[in-house]
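Got your viewer open? Let's walk through this model one selection at a time.

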Amino acid sequence: MAHMRTSIPLLLGGVAVLVALPLLLSAGLLNASVQMLIAALFASAYSLLSGRAGMLSFGHAAYFGVGAFATVHAMNALNGTGLLPTPLLPLAGAGAGLAFGVVAGWFATQRTGTAFAMITLAIAELLHALAPQLRGWFGGESGISTMRMPAWGLNFGSTTQVYYLTLAWVLAALALLYFHTLTPPGRLTLALRENEHRLRFLGYDVHGLGVSAFAISGLFSGLAGALQVVSNESANYVVFDAGVSASVVLNSYIGGVTAFLGPALGAALMTFFGYAVSDATQAWLLYQGVIFVLVMMFMPDGLVGLLAVIGRLVRTLGIRAAPLMAGWLLAGLLLVAGGVFLVELVQRLCSQDYRAMARVGEAWPAVRLLGREWLPAAAGTWATVLLPLAAGGGLLAMVHGAQRRWLTEGAK
Amino acid sequence: MDALVFALLNGVIYGLLLFMVSAGLTLIFGMMGVLNFAHASFYMLGAYFAYALQGLVGFAPAVVLATVLAGAVGAGVERFFLRRVHRHGHAHELLLTFGLSFIVAETIKLLFGNQPVDYRIPPALDVAAFVVGSQQYPAYRLLMGGVALAMFAVLYLLLTRTRVGIIVRSAIYKPRMVEALGHNVQLVFMGVFAVGAALAGLAGAIAGAFYTTSPNMALEIGVMVFVVVVVGGLGSLGGAMLASLLIGVMTSFAVGVDRSLADLFAVVGARDWAEGVGGLLTLKLSSLAATLPFALMLLVLLVRPSGLMGSKN
């Protein structure tokens, strides 16, 4: 339990930082923090199903979206006064997510493995295709907008109040999700992933367990959708988009589904980067995909797993781990610099504006990047791309070789 | 009557096209047990390769080259990506291909823009095959159907009549035994993966010119193809054919039907009630055409969870 004792002060410190954030951040960053919290909750809800229960879902936007629309209708109910006081509105989304999760889960858990993944995808696409047709429920292409009503002496007009509302709900939901992992049904969810057949032979209702994991995941996804509506004061059928389902998969696995807080950290981190670089690049989604594939190939346990690897290395090699870390970091930075420069350069060369400028038979005009002009025909431009890539690759090979040598020496 | 013939023909040809993409998917699944999420990306790659090459070499060579290139990309994906993560299990492989499909779609958006590109069939092929009533039927549709049928025939003969086919089929059932007999099963896997990708690429190269070539095409056809393999039964080539045709014909007919559920209620005199309820009950079947395959899939899962021609597991 030494692990528990070190992590509890860490957790309390994290919560304290989260509570203090509105004092430290600007309104824009605070808004981004609200989105990060929502993404973290959504990823945790997703990972209950896909990480713990081992049932890969590629259509989790459906439960997020159902929660969002239930909330928007609850807010607009009774001539705009709202079905519930504003702080309790997310309950509407959670309830809708749970109800839809039970129905969809009953169908999807008829099959396991690959077929399950495809069914979840199809259910989400079904909603995405149907939603724009049903104007009364989903507001057509333009969506439905709403207003946060004052309640309990708060007017919910400032970002700070919305932030605290979101924070309270997200922390409560994460605590409940963690509590679920300690309960017998929560432990059985893990068994569902590890050995479904044995579970069935032991006399458990496997289908029922699957539906319950699905429904709980739907509940918390709906809650995340509800919080987004409370924050944005609108809902549009775009929440059913495949991109929403995709990003929760990518974020969760980048963070690492094997640890409880891994998906939440991954989602918060990726949402923050998405916010930070959205003005600077149009290729953020591509980077997100590349990070995901790299994580899947080289760090199957995600970024949280990386911490464990570093810890192991420090324990076995002691002080010699320091140059290795520095080497890995430098090689990584060189490769990232070269790769990002290449992508951005190609993106600008392929953009509509550039193609309109470049005429047949004339020399290609220069591209502006990082406050400099780069000529696509100049050798220097491509050397700037290739040098860091080559240096990074070489360094990577060296560090990898050194680490392997030292580790085998240590083993002897 | 004319409309009926046209709808039937269109549906069959769309179904054949779906089959071209789902054949590779279901073969790969049957063999390696991995659902290749990126499979529809090869369809999109085929279309974009053909579009990019069309101006350089002409339409027909561009289609051939696009097929070969898509196959080469498929072989690369198997060799350098899937094989590396094989030991982590099927879920990991599925996630990896999911990430790859994401990268392909984003790269295409980066290189060719978010909008559909101007990839059209050459004027020489843009002619009418025959005229029924007052409507002309485009010859290119028949060409697409013909290519799909020819592909099915070649694939079937290859699998059932040749030595390579025997090895491939046995590698599906008992890969370890085949390996013990001295065959390079890894190479067989890579070959099947490449052929599956090439077929999807060919389908994309010829269909992209007729329908639209846009960064969304992979997702659109991909979801439909997943429905096809679930309805047909995972790993069953015959099931994929049956389900493709069923879904193709069903959507094609639904587009032409201007009725809603309220009309059905009118038979028992409940039209006013149904129209009062609104929502799903008053939606025209034509606007629901895109959702029908999903409904069919849910129905099949209820009645026959292993798919129309899938084996019980």
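**First stop: two crossing helices**

Select helices α1 and α10 of chain B: their crossing is right-handed, meaning that the near helix is turned clockwise from the far one by less than a right angle (anticlockwise would make it left-handed). You'll find α1(B) at residues 2–32 and α10(B) at residues 237–255, with axes that come within 7 Å and cross at roughly 145 degrees. Those axes are lines fitted to C-alpha atoms over the stretch in contact, and angles run from 0 to 180 degrees between N-to-C directions. Colour their contact by class and you get 16 nonpolar, 9 polar and no charged residues. Here Ala, Val, Leu, Ile, Met, Phe, Trp, Tyr, Cys and Pro count as nonpolar, Asp, Glu, Lys and Arg as charged, and the others, Gly among them, as polar.

A quick word on what you're viewing: it is a predicted model, where local features need pLDDT of at least 70, side-chain atom pairs count only at pLDDT 80 or more, and totals for chains, interfaces and linings use all residues. Residues are numbered from 1 along each chain as its sequence is written, while chains are lettered from A and ligands numbered from 1 in the order in which they are written.

**Next: all of chain A**

Now show chain A, with its 17 helices and 4 strands. These are DSSP runs numbered from the N terminus: helices are H or I with at least four residues, strands E with at least two. Along its principal axes, the C-alpha trace of chain A spans about 65 × 65 × 45 Å. Try colouring domain 1 (15–294) and domain 2 (307–411) separately; the bounds come from an automatic or database domain assignment. Their centres, taken over C-alpha atoms, are 34 Å apart.

**Where the chains meet**

Which chain A helix supplies the largest share of the side that touches chain B? First, the totals: 40 residues from chain A and 38 from chain B take part in the contact, where two residues count if their C-beta atoms, placed from the backbone, lie within 7 Å. The helix to select is α5(A), with 12 residues. By class, the chain A side has 29 nonpolar, 9 polar and 2 charged residues.

**Last stop: one residue**

Zoom in on A:E233, in the loop between α10 (206–232) and β2 (234–235) of chain A. Its phi is near 60 degrees, a positive value in a residue other than glycine. Is A:E233 buried, exposed or partly exposed? It counts as partly exposed, because it has 14 C-beta neighbours inside 10 Å; 20 or more would make a residue buried and 12 or fewer exposed, with C-beta atoms placed from the backbone.
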